Amino acid sequence: MIGDSLAGRAIRIYIPLLLLLVVTLFPFYWMAVTSFKSASELFDFSVSPLWVRDPTLAWYQHLFTQTNFPRWALNTAIVAIVSTLISLFCSVLAGYSLARLRYRGADSIGWGIFVTYLVPPTLLFLPLTFVIRELHLFNNLWALILTYPTFLIPFCTWMLMGFFKGIPHELEEAALVDGATRIQAMLRIAIPLAVPGILAAALFAFTLSWNEFLYALIFMNDSLVKTIPVGVTQELIHGDEFFWGELMAAALLGSVPVAVLYSFFVDYFVAGMTAGAVKG
Amino acid sequence: MIGVIAYPLGLAVWLSFTDAQVGESGHFIGLGNYDYLFHQSSYADALRNTAVYTTASTLIKAGLGLLMALALARTFPCRRLVYALLFLPFVFPIVIGTVAWYYLFSSVNGGINYLLVHAHLVSDSIAWLGVGPLPMASLITVNVWHGTALFGVLLLAALRSVPADILDAAVIDGARPLRRFTDVVLPYLSSALALGAVLSVGGTFGDFAIVHLLTGGGPANETTIVSTMAFQIALRDGALGVGTATALSIIPVYLVALVFVVRVAGRK
């Protein structure tokens, strides 16, 4: 028996966690170190690439003055915020209705939504390309704002359905008995109680939109309408030539909004993941 | 809601039966695209790679996620910080994470090779994205890095649901730690494992970014998965019909995989 001695704790907790932490965090460390290196240091193979001797902000400066990075960040923010709001509005209504209203097939629709969410975007991107071309929306941010809800709505609805089911329905029934309408019961009682769930859904929807790559890659060809994931991987890489300094600086900056949201709302993220709605 | 998914899906089925090219609608040609596809050796490669990529990633993520959950279920200093850091890759933009890994894998001054060479574990840089089984292993590594936290969170929540008195009873009855784990704890984890596996299979089956950026399906189709193959046929070569057929052809496989996962993980 190992027991709860120091050695036992080390084997069970500290060693596995330390190994996991090192592997998890190493890429982040690598990004940070690389982004602060000068051009000469980046290609000086005689020194260790794991450390930086003369830190410089040159790549960050370069990113803001020589590339369209600020524009990409703006585009990404607009698309992520608008598509999150649209999806959230639809999903709150759909999730509430599926969790509460007793109509025929509500359960099977609920499962249908889960299965829909599991439909990989790789099945949908070609027909959506067709639709976007018919609508003449190539190189238009609306192309992304309209297509992101195809994965955001099923995802948010599934997550919110779980949260609404967790709220005792007696509360709303009491309000209905007291003369409130169904809409009032939803707006005044269920939604305020579901705020943690709505926040979790919003955070994930924003993160998924911010990180989305496939649709943005196909629909956005003009440099000025690209999002960060597409702009960074297409314009800071030319064939075999990688602009590592700029790439890593852009990588760090491009993940700041998500990292900040995450650090403030880590509990909501975890609650959303535990609700079992997020693909990995 | 239904229009959002059903319409594109219906359109996809239609497109897969036509000889549509990028920019023109095409004519109905029945099962011609599927027939063409099933006679391509690259299609068999893509199916095999998708299966390997999905299965290996999901199994490794489940194993590491269980390790993570078991460790995090204990109390220790800085637990919340460790918890937050371990789950960071899951919400981190995967495109950006993949680019960082690409540089880490690099043969020229890449971080991993530097460490290995200077620790005298290898004498020459390893071509992680070169030939043989290594490129696929690299893809799986990035996928696991990204997705292990999902299993970690789900399994941690499930571990918390194991009633303490049942565990105590098992201790009193003299059950050894391993026995306690397999017979008492594991049944409580089965639904979390099933859910994690379904979500992981869904996410990995549909993955595009990691493969597209890290290897582009190369070298010589050795890491092509169905999604990158559909992308290349439809948008590089312009054969929209064949590309759509490629994407749709995996639906039956995908459904079988999901049912299988739910059965297996649900039984444990």
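This passage describes the confidence of a predicted two-chain model, the domains of chain A and the contacts between chains A and B.

Residues are numbered from 1 along each chain as its sequence is written, while chains are lettered from A and ligands numbered from 1 in the order in which they are written. Because the model is predicted, local features need pLDDT of at least 70 and side-chain atom pairs count only at pLDDT 80 or more, whereas totals for chains, interfaces and linings use all residues.

For the complex, the predictor gives an ipTM of 0.86 and a pTM of 0.88. Chain B has a mean pLDDT of 84, with 95% of its residues at 70 or more; pLDDT is the predictor's confidence in each residue, from 0 to 100.

Chain A is assigned domain 1 (6–56) and domain 2 (61–274), with bounds that come from an automatic or database domain assignment. The C-alpha centres of these two domains of chain A lie 32 Å apart. Seven residues of domain 1 of chain A are in contact with six residues of domain 2 of chain A, a contact being two residues whose C-beta atoms, placed from the backbone, lie within 7 Å. On the domain 1 side, α1 (6–35) and α2 (39–42) of chain A are the elements that give two or more residues, and α1(A) gives the most, with four. Helices here are DSSP runs (H or I, at least four residues), numbered from the N terminus.

Between the chains, 60 residues of chain A are in contact with 61 residues of chain B. The largest share of the chain A side, 13 residues, comes from α1(A). By class, that side of chain A has 43 nonpolar, 15 polar and two charged residues, where Ala, Val, Leu, Ile, Met, Phe, Trp, Tyr, Cys and Pro count as nonpolar, Asp, Glu, Lys and Arg as charged, and the others, Gly among them, as polar.
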